[in-house]
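Open your viewer and get ready to select. This tour goes stop by stop.

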Amino acid sequence: MVCAIPSPTLVGLDTSTVQVEVDLRPGLPAFSVVGLPDAAVREARERVRSGIVNQAYAVPTRRIVANLAPADLRKSSAQYDLPIALSILAASGQMPAASLDGVGAAGELGLDGVLRPVPGVLAMAEHARRCGWRRLVVPCENAAEAALVAGGAEVVPVRDLRDAAETLAGTREARPVEAARGHDGGAEPPDLLDCRGQSAARRALEICAAGGHSLLMMGPPGSGKTMLARRLPGILPPLTREEAVEVTRIHSVVGLLDPGAPLITRRPFRAPHHSISVPGLVGGGRVPRPGEITLAHLGVLFLDEVCAFAPSVIDALRQPLEHGVVDVVRANIAVRFPARPLLVCAGNPCPCGFAGDAKGRCVCTPARAEAYRARLSGPVADRIDVRVDVPRLTPDDLMGTGGGEPSVAVATRVRAAARHRRGRGQVVPNAGLGPRAARAAAALDRDGERVMERAVDRLGLSARGFDRILRVARTVADLAGADEVGTDHLWEAIALRAPGAGEAR
Amino acid sequence: MSPGPGVGAVVGLALLAHDLNRDLQRAARAAGGAARLASLAPARGAAVVGCDVARFAGAMDRRRVAEARARCLRDGATVVESDALPLRLRQVFDPPFGLFAAGRWAATAPLLDERPVVAIVGSRHPSAAGAAFARSLAADLAAQGAVIVSGLALGIDAAAHEGALDAGGRTVAVLGCGLGHDYPRRNAGLRRRILEASSVVTEYWLDTEPAPWRFPARNRIVAGLADATVVIEARGRSGALITADFALELGRVALAVPGWPWSEQSQGSNELIRSGAGVCLGSEDVRSEVPHDGWVDADTPAPPPPDGRCAEVYGLLRREPLRAEQISQSAAISPAATAAALAELEVQGLVFRGEGQRYWAVRRGS
């Protein structure tokens, strides 16, 4: 007899259905799994066998064949343990086969038959809703996450195999589930109040947060670049519910969710080390996994020591920064990951970090320092809107009592700027404006035109550089609550300009 | 081998110098001139130069010289004979046998005779202020009709070329290697700009590699082409001082931009002033030292003095270079307004960003 149960499977961040079929045939007792399983799936045989026995069920003494369809999709997760085990129970008559109708399941079995959580349950629950499944059986630990999907399949949290079989058969009451909420407690996010001095950099952070502009901070070590960057998520507007679910889905697939609080409500902050590989940053692998840029989606991607990253890694940022998505194509699979982080780069002016130091501590040859800085020029520098110098702190700054604004005050202005932008009838953040849209949104009067003419003339701006200044000026005007972009806004945007490829810096 | 001076002799001697990897000035003096040296029979010539007969004959071989000339033609290099050299250059002790010139030599050569010519040389690792001054001085002089000559080195040389080009003027780069070498690589873009507007010249054969000893020899051409040589930020043993020495030996004007007494960066320039060189604080100093009919009055109006917020910031910076943060504290202006004022001043050319993220005020006119 053949019994089947569907299991939602992850393909990148998307899902598709894998039909788990089990057939019991006469013959010598054996158990095989077919359908392009990898090692983790093939080993399901041992877990399922032990799990069934240790939950006081019997493994049928027949030839068991489990097939995972479609056969051409590579399966690589332990999540098929539960559907295989349930199908065996149903096929051998140890539970009513009809109770599997309209039921999807995913879960890893322990040898004692207790279920272990699996990654990507949020995406699976969405899949169940799309497919119109009646119930979705998941391990208890994943239930709160699965329940985030409203109006979908009934989430059935189960502790072990017997629990699953009996709940489905109706001989045991289903446990109640509650959708996850963001956790309110935990460590407070870092506050701008902790940073000393650096008023110019604070202002740049505010502008970047308000307009979604990417930022480059240049300065010697110890001047507070990392500290400032870590405080950027705190001044960004909070995630909306849809955004929170979107972020949670990504982190769930990678298995990065905090089991205590499976809904991510804070904007992610990702700071990969500079030894990261290209697939690590943009995603990849034989079974494609999202990279850091996708994990930072809707949050902040911070590249500290940006000049120390491999040039190929920096170049790989190009497509995601332009289109907000990463397309990962492998021999037999192509997936698309969302990638719309706020990019923040920090760099030293030279390899030793002391270039231009008043005490002359720089030991780099000019050629070496130049080569170091040249790593940042080119295609990615062209996509950085705002650049700010973060100089070494003076003794006054260090002795002072801090005295900066708290993040709350800055966040209020950032929100007001976003409101003002929407009030102008513009939905996309200023950083997302195309050349034509930027020129329309930041229409210049006579004085403004004269300012830009002179800037183009003196600074040798490229067309791209010109548009970047307009976009940033639009954000400065939004922060000031102005409908028109004035000359002061333009001048400040010019001060924050990031020299792109081939421009004088 | 055709006797007498001519393009063939220039190419032949350059090939020989390239083959031997040394210069032939002493041999030329012994033979009584470059043309004579080139026309000697191989055995005699080899004896004068002090090399194998085969080497000498090989370099002067008619077919090889013809091939070399064809290659010059193909690579766009003009061969300038000794009697077509710019007038001032012919007065140099040990003048080059000829020049290889790339770019718009035909248009540039007459200007080297008709216009005032100023060499601007200095440190390869200048301060931001030094480079900015070099750029501004070159731009001012070029706008007043001068041709700017320098050595296409990094630092002051490059800044001088750039300043002249930015002002729409003419500038000639003298190389210490053959035209076939893009050296220094980092100035490749600048070199292309110079080739489009003016000319790059050298006395060396196309393939001759840059070598330390060739740069002082190159400096004699830089000084020889110019009416006046201005030295900016020369350290104690800078090659720029060699250029100034050549200028003084020729009885030309040598000027130096003074530096802070304790600054190592300007030790050489300050020594030069102490030993009698003129002081250069701006283009007017060069103009008053070099009487020439070719000077014109620049028609660029002086930028309007800064007003309001900018005036306040500019006033602070004229006293000493400051970082944006310090400005906003001393003048009690918001960081946003400070940034705006600095950008405005920068675009007006009144301030520039220097080392340590400090802003420096530029002094204009007064």
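**Stop 1: salt bridges**

Start with the whole structure. A search over all chains turns up 38 salt bridges. Bear in mind that this is a predicted model.

Select A:R270 and A:E292. Their side chains form a salt bridge, 2.7 Å from N to O. This pair ties together distant parts of the chain. A:R270 sits in strand β11 of chain A, and A:E292 sits in helix α12 (residues 292-295) of chain A. The two are 22 residues apart.

**Stop 2: a sheet in chain A**

Stay with β11. Which strands make up its sheet? The order is β11-β12-β15-β10-β16 in chain A. These 5 strands form an open sheet with parallel pairing. Now find its edges: β11 (269-270) and β16 of chain A each pair on one side only.

Select residues 300-303 and 342-347 of chain A. These are strands β12 and β15 of chain A, which run parallel and are joined by 4 bridges. Pick out A:L303. Its bridge partner in β15(A) is A:C345.

**Stop 3: the domains of chain A**

Colour chain A by domain. Domain 1 covers 2-169, domain 2 covers 192-404 and domain 3 covers 424-505. How far apart are the centres of domain 1 of chain A and domain 3 of chain A? Taken over C-alpha atoms, they are separated by 56 Å.

**Stop 4: where the chains meet**

Show chain A and chain B in two colours. The contact draws on 29 residues from chain A and 23 residues from chain B. The size of an interface is often given as the accessible area lost when the parts come together. Between chain A and chain B, the buried area is about 2,100 Å². Carbon and sulfur atoms give 52% of that area.

How many salt bridges are there between chain A and chain B? The count is 3. For one of them, select B:R309 and A:D488. Their side chains meet at 3.3 Å, N to O. There are also 6 residue pairs in polar contact between the two chains, with both residues at pLDDT 80 or more.

Next, highlight the elements on the chain A side of this contact. α7 (199-211), α15 (366-374), β16 (386-389), α19 (446-459) and α21 (487-495) of chain A each supply at least two residues. The largest share, 5 residues, comes from α21(A). Colour this side of chain A by residue class. You will see 12 nonpolar, 6 polar and 11 charged residues.

**Stop 5: the domains of chain B**

Move to chain B. Its assignment gives domain 1 (7-75), domain 2 (88-289) and domain 3 (308-361). Show domain 2 of chain B and domain 3 of chain B. Their C-alpha centres lie 32 Å apart.

Look at where these two domains touch. In this contact, 5 residues of domain 2 of chain B meet 5 residues of domain 3 of chain B. The area buried between these domains is about 290 Å², and carbon and sulfur atoms give 74% of it.

Which three residues supply 88% of the area that domain 2 of chain B buries here? Select B:A128, B:A129 and B:A132. No other three residues supply more.

The rule finds 0 residue pairs in polar contact across this interface, counting pairs with both residues at pLDDT 80 or more. The count of salt bridges between domain 2 of chain B and domain 3 of chain B is 0 as well. On its side of the contact, domain 2 of chain B has 4 nonpolar residues, 1 polar residue and no charged residues.

**Stop 6: a sheet in chain B**

Show the strands of chain B. An open sheet of 9 strands runs in the order β1-β2-β6-β5-β4-β3-β7-β8-β9, with mixed pairing. β1 (78-80) and β9 (278-279) of chain B stand at the edges with a single partner strand each, so one side of each has no neighbour in the sheet.

Zoom in on β3 (residues 117-122) and β4 (residues 147-150) of chain B. They run parallel, joined by 3 bridges. Here B:V118 stands opposite B:I148 in β4(B).

**Stop 7: the backbone**

Most residues other than glycine have a negative phi, and most peptide bonds are trans. Three places to check follow.

- Select A:A69 and A:P70. A cis peptide bond joins them, with omega about 0°. A:P70 is in the loop between β4 (63-69) and α3 (81-91) of chain A.
- Select B:Y183 and B:P184. They too are joined by a cis peptide bond, with omega about -10°. B:P184 lies in the loop between β5 (170-174) and α11 (188-197) of chain B.
- Select B:N21. Its phi is near 55°, a positive value in a residue other than glycine. B:N21 lies in the loop between α1 (7-20) and α2 (25-31) of chain B.

Definitions and conventions. Residues are numbered from 1 along each chain as its sequence is written. Chains are lettered from A and ligands numbered from 1 in the order in which they are written. This is a predicted model: local features need pLDDT of at least 70, side-chain atom pairs count only at pLDDT 80 or more; totals for chains, interfaces and linings use all residues. Side-chain values use heavy atoms; hydrogens and water are left out. Contact means heavy atoms within 4.5 Å. Buried area is the accessible area (1.4 Å probe) that two parts lose on being put together, summed over both. A salt bridge is a side-chain nitrogen of Lys or Arg within 4 Å of a carboxyl oxygen of Asp or Glu. A polar contact is a pair of N or O atoms within 3.5 Å; within protein, one must be able to donate a hydrogen and the other to accept it, and residues adjacent in sequence count only if both atoms are side-chain atoms. Ala, Val, Leu, Ile, Met, Phe, Trp, Tyr, Cys and Pro count as nonpolar, Asp, Glu, Lys and Arg as charged, and the others, Gly among them, as polar. Domain bounds come from an automatic or database domain assignment. Two strands pair if DSSP finds at least two bridges between them.
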